[in-house]
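Trainee: Could you take me through the side-chain contacts in this structure, with a close look at the salt bridges? I would like to follow one connected story.

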Amino acid sequence: MEYRKLPHGTEQLSALGLGMGGIHVASPEEIEAVVAKAIGHGINFFDLCAGGGSVYAPFGRAIRGRREKVCFQLHFGAVYDEQGEYGWSRDLEQIRRTFDWEMGLLGTDYADFGFLHCVDEESDLEDLRKNGIIDFVLGLRERGTLHHLGFSSHTPAVANKLLDMGCFDLMMFSVNPAYDLEKGDEYGIGTTAERAALMRRCEAEGVGISVMKPFHGGRLLSEATSPFRRALTRNQCLRYCLDRPAVLSVVPGVRSLADLDELLTFPDATAEECDYSAIAAFTPQEAAGNCVYCNHCRPCPAGIDIGIVNKYYDLALAGDQMAAGHYDKLAVKASACLQCGHCDSRCPFGVRQQDKMRAIASYFEGK
Ligand code: SF4
Ligand code: SF4
């Protein structure tokens, strides 16, 4: 399992995490078994916006005795009625009661990440402020009950407003090739450029991203439902998300042990199995010529990691002060390019990498 460090913290999050949004359909025994098995396979990061209140008690049993091995994000604004039905609230008292109830069932006195839930409209942000919910979570963080603050959003413009506040260490954002290429649904908000700029901003500011909806609600997995009329595999989608700037962990939802077993093939999947360059066939004209860091063009005879070199370059151009430092640490830099043309001939996105390598070497190395 790969782990990625939270920039503003010491936590190392598993690149493959798990979402609990659909598992309420399983029995409590199966929920507990899923969480225990996931932890046993190195998954240490969980999104606890549960689709039903029945998830918290078995989750708590599964982490008992190994709390320090697990990180989770709790959502302030996701609430449950007496039947355990999920709901959505901006009422401080209801949110406070839900938080206390969740912590009791989870058997812990802290949450790793406290999230403002589903902040999609500017009016959501206003309500969170006005109703004292932002002050409430800031207070919990000050007391150490929350180790970090985060938020979930589907809207780049609103996410940028939240980032302006400067108090968040993690953002949950919906990412998949359909959303990024403007072929999604109501959760894939923003243009290709706006979404890319938001992710680069997060990377530059040290705000990690946890990814929701990596399979576009399952639509990308079937030719019949994919907006591209071509299916991708789960492992291709997971790799795609993990190659985006600032992404620390992807948290696909599971409903059963069988779902978990499918996801657990990811850590051992080969580079070929995860190669998502097939999306080039449905990349719109205006997005062609941009490197998506997929590394389909490897191997480079000079040993350049073409995807990562391009990512640092794009981040630096977007104002990321740390990108040059990351680039400096690379063992093989763009100046090693032999101008052999192999990558140009392999790239399905029409990137002219020979020219790009010259530009990158000049930018970072003055060569
Ligand atoms: S140059 Fe093309 S094939 Fe190579 S990493 Fe970039 S997008 Fe992928
Ligand atoms: S052109 Fe340069 S970057 Fe591309 S494969 Fe050849 S040596 Fe590597």
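Mentor: Here is a walk through the salt bridges, followed by the aromatic rings and the ligand surroundings.

Please keep in mind that this is a predicted model. Let us begin with charge. Side chains of opposite charge can pair when their charged atoms come close. In this model the count comes to 18 salt bridges. A good one to find on your screen joins Glu122 and Lys161, whose closest N and O atoms are 3.6 Å apart. Glu122 belongs to helix α4 (residues 122-130) and Lys161 to helix α6 (residues 156-164), so this pair ties together parts that are 39 residues apart in sequence. Glu122 has a relative accessible area of 47%, so Glu122 is classed as partly exposed. Lys161 is partly exposed too, with a relative accessibility of 36%.

Stay with helix α6 and look for Asp164. Asp164 forms a salt bridge with Arg201, and here the closest N and O atoms are 2.8 Å apart. This pair also links distant parts of the chain, since Asp164 is in helix α6 and Arg201 in helix α8 (residues 192-205), 37 residues apart. Asp164 counts as exposed, at 54% relative accessibility; the cut-off for that word is over 50%.

Now follow Arg201 to another partner. Its side chain meets that of Glu205 in a salt bridge, with 2.8 Å from N to O. Arg201 and Glu205 are four residues apart in helix α8, so about one helical turn separates them. Glu205 is partly exposed, with 33% relative accessible area. Put these contacts together and you have a network of salt bridges that links Asp164, Arg201 and Glu205.

Next come the rings. A pair of aromatic rings is described by the distance of the centres and the angle of the planes. The structure holds 15 aromatic pairs. One of them is formed by Phe45 and Phe113, with 5.9 Å from centre to centre and 85 degrees between the planes, an edge-to-face arrangement. Phe45 sits in strand β4 (residues 45-47) and Phe113 in strand β8 (residues 111-116), so the pair links distant parts of the chain, 68 residues apart. Both of these Phe residues, Phe45 and Phe113, are buried.

Tyr327 and Phe364 give you a stacked pair, because their ring centres are 4.1 Å apart and their planes lie at 20 degrees. Tyr327 is in helix α13 (residues 323-328) and Phe364 in helix α15, so parts 37 residues apart in sequence are tied together. Tyr327 and Phe364 are both buried. Rings can also be grouped: Tyr56, Tyr80, Tyr86 and Trp101 form one aromatic cluster.

Charge and rings meet as well. Arg67 lies over the face of Tyr110, 3.8 Å from the ring centre. In a similar way, the charged end of Arg234 sits over the ring of Phe215, 5.7 Å from its centre.

Finally, turn to the ligands. Ligand 2 is surrounded by 13 residues, and the closest are Cys300, Cys337, Leu338, Cys340 and Cys343. Two or more residues of this shell come from each of α14 (342-346) and α15 (353-365). The shell around ligand 2 has nine nonpolar residues, four polar ones and no charged ones. Around ligand 1 you will find several Cys residues, including Cys291, Cys294, Cys297 and Cys347, along with others such as His296 and Phe349. The shell of ligand 1 has eight nonpolar, three polar and no charged residues.

Key
Residues numbered from 1 in each chain as written. Chains lettered and ligands numbered in written order. Predicted model: local features only at pLDDT ≥ 70, side-chain atom pairs only at ≥ 80, totals over all residues. Heavy atoms only, no water. Near = heavy atom within 4 Å. Nonpolar A, V, L, I, M, F, W, Y, C, P; charged D, E, K, R; others polar. Salt bridge = Lys/Arg side-chain N within 4 Å of Asp/Glu carboxyl O. Buried < 20%, exposed > 50% of the residue type's maximum accessible area, 1.4 Å probe, protein only. Phe/Tyr/Trp six-rings, centres within 6.5 Å; stacked < 30°, edge-to-face > 60°. Lys NZ or Arg CZ within 6 Å of the ring centre and 35° of its normal.
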